[in-house]
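Reader: I have not met this structure before, and I would like to go through it slowly. Could we take its ring pairs, its helix packing and a few single residues in turn?

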Amino acid sequence: MNQRITIDPITRLEGHGRIEIFLDDAGEVVSAYFQVPELRGFESFCVGRQSEEMPNITNRICGVCPEAHHIAAAKALDEMFGAPCLPAAVRIRELIYSAFFVTDHTTHFYCLGGPDFIVGPDAPKEERNILGVIRKVGLDAGKEVIACRARNHGLIKKLGGRGVHLCGALPGGWSVAVTPEIAEEARQIARQNIEFALFSLETFHQIVLGNEAYRDLVMGDLYAHQTYSMGTVDADNAPNFYDGTIRVVDPAGNELTRYRPQKYLDHIAEHVEPWSYVKFPYLKKIGWKGFVDGPESGVYQATPLARLNVADRMATPRAQAEFERFFDAFGCRGTGPGGRNRPVHHRLATHWARLVELLYAAERMQELADHPELCDPNVRQIVSYRAGVGIGSVEAPRGTLTHHYSCDERGILTSVNLVVGTTNNNAPIGMSIAKAAKGLIHNGVVNDGILNRVEMAFRLYDPCCSCATHAIGTAPLEITIRRAGVGTILDRISRGC
């Protein structure tokens, strides 16, 4: 008889999700699915509201990346109101955004994904958490993790009005200017962040890459996929979290396309499956061919690993050194088309790429804090309503984030579309889970360690299901009515299933 294994709820992620694994009579995996069973519908209930409310509405989508939605919404309003952001306000936005990247990547490495390596994938599940990490790396290191998050959220609160769900963005500007005292505080925080990032990278090198079993897991085939990669780059093809053009490279490293975020609908389409509330974006030019990888499939990833794959360099010196070390480790440095790096397809390397980005964000903070324009008091401007369209895009920690609004002449929103980081990665997440399940489960034998290694296949993407979930048209829904106590099914009511 066929067997069904359900991992519900999956753990150490933002939002809710479950994994369904189906076995045949021989106990081999036939298929596996990553399902997001919740529906939030932010796009629908934003229609009809005042457009300038969007930075403060959409940052409530989740608790881990409000800064990303706040800034993307503000950039969409800049365009919709015809008010390019003032130079000093651009510096403030990017400074906040860099501090956010430091905190977010720190959270994932030490609290969500990192325990799988630092504590171990087969360790008892009650130890695979931040407390287990502190026991492994030491109490002083644990204090550094907490201090890193505290000082950066403190800076975000001073510049953005709140430590979480900040409220400083205005169309074309920012609500308050930066004082010289705050700029000096930002410099000190940036210097501490750089030291913390270097410590985290060294920890990864010692504990993960210094362990033969872990290194084989990262560099082996179990978690590898040959897909396209996407990320925002500057004019020199270095990753840029705040602004730039979106570059897509194929599995061999050839540039497929590069476009301004405003042209995203010319390049991205969304596939829908009836068993998930999260859509499956794909590259229009290649087409949807199902949950398969390779150059003939339009599936792409938009992750920290993808951002390194599309880049030719990093914009700061210490991050550049780690960037070169990263591609050297996989034998990919300078071996791609035209002498650029060949993409790394080993998805567990995303954890390493995340730490390279942490270092870049810390160095970028220092550059911004030192910039004389940061303390310019001219950060606000008067804007007027007009009918129009605005598209704002940033690189969220877990992928490219796009906000797309239309409004009438009163500034009332008439349409809203969000393509968030996790949505971009929905198809690869499903593929990685299925591949891991098929590689790990045989003869129907499963245990906690095996199931955790299956979960590692989604956790490496750092998914934020709260941000990503929504549906086109009528939301599919099934209600099962059971008799209390005995659980006998009395009736099932379904819609759109």
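Reader: How many aromatic pairs does the count come to?

Author: The model is a predicted one, and ring centres have to lie within 6.5 Å of each other for a pair to be counted. By this rule, the count of aromatic pairs comes to 27.

Reader: How do Phe109 and Phe204 form an aromatic pair: stacked, edge-to-face or tilted?

Author: The two rings stand 6.4 Å apart, centre to centre, with 55° between their planes. Planes under 30 degrees apart would count as stacked and planes over 60 as edge-to-face, so the pair of Phe109 and Phe204 is tilted.

Reader: How many residues apart in sequence are the parts that this pair of Phe109 and Phe204 ties together?

Author: Both Phe109 and Phe204 are buried. Phe109 belongs to helix α4 (residues 87–112) and Phe204 to helix α8 (residues 180–209), so the parts that the pair ties together are separated in sequence by 95 residues.

Reader: What kind of pair do the rings of Phe280 and Phe291 make?

Author: Phe280 lies in strand β10 (residues 280–283), while Phe291 lies in the loop between β10 and β11 (300–301). Their ring centres are 5.2 Å apart and their planes meet at 85°. Because planes over 60 degrees apart fall in that class, the pair of Phe280 and Phe291 is edge-to-face.

Reader: Is Phe291 buried, partly exposed or exposed?

Author: Its partner Phe280 has a relative accessible area of 1% and is buried. Phe291 has a relative accessible area of 32%, and since buried means under 20% and exposed over 50%, Phe291 is partly exposed.

Reader: Are α4 and α7 roughly parallel or roughly antiparallel?

Author: Helix α4 packs with helix α7 (residues 139–160) at an angle of about 150°, and their axes are 9 Å apart. Angles over 145 degrees count as roughly antiparallel, so that is the description for α4 and α7: roughly antiparallel.

Reader: Which residues of α4 and α8 make the contact between them?

Author: These two helices pack at an angle of about 30°, with axes 12 Å apart, and are therefore roughly parallel to each other. Their crossing is left-handed. The contact is made on the α8 side by Ala186, Asn193, Phe196, Phe199, Ser200 and Phe204, and on the α4 side by Leu95, Val102, Thr106, Phe109 and Tyr110.

Reader: Which residues form one aromatic cluster with Phe109 and Phe204?

Author: Phe109 and Phe204 have already appeared as a tilted pair, and the cluster that holds them brings in further rings. The other members are Tyr110, Phe196, Phe199, Phe323, Phe326, Phe327, Phe330 and Trp352.

Reader: Where is Asp462 found, and with which residues is Asp462 in contact?

Author: Asp462 is found in the loop between α15 (448–459) and α16 (465–468). At 3% relative accessibility, which is under the 20% limit, this residue counts as buried. Leaving aside neighbours within four places in sequence, Asp462 is in contact with Asp104, His108, Leu112, Arg354, Arg398 and Thr422.

Reader: How far apart in space are Val292 and Met431?

Author: Val292 is found in the loop between β10 and β11, and is partly exposed with a relative accessible area of 40%. Residues up to four places away in sequence not being counted, Val292 touches Ser297, Val299 and Met431. Although Val292 and Met431 are 139 residues apart in sequence, their C-alpha to C-alpha distance in space is 7.2 Å.

Notes
Residues are numbered from 1 along each chain as its sequence is written. This is a predicted model: local features need pLDDT of at least 70, side-chain atom pairs count only at pLDDT 80 or more; totals for chains, interfaces and linings use all residues. Side-chain values use heavy atoms; hydrogens and water are left out. Rings of Phe, Tyr and Trp (its six-membered ring) pair if their centres lie within 6.5 Å; planes under 30 degrees apart count as stacked, over 60 as edge-to-face and the rest as tilted. Helices (H or I, at least four residues) and strands (E, at least two) are DSSP runs, numbered from the N terminus. Buried means under 20% relative accessible area, exposed over 50%, partly exposed in between (1.4 Å probe, protein chains only). Axes are lines fitted to C-alpha atoms, for helices over the stretch in contact, and angles run from 0 to 180 degrees between N-to-C directions. Angles under 35 degrees count as roughly parallel, over 145 as roughly antiparallel, 65 to 115 as roughly perpendicular and the rest as oblique. Contact means heavy atoms within 4.5 Å. A crossing is left-handed if the near helix is turned anticlockwise from the far one by less than a right angle, and right-handed if clockwise.
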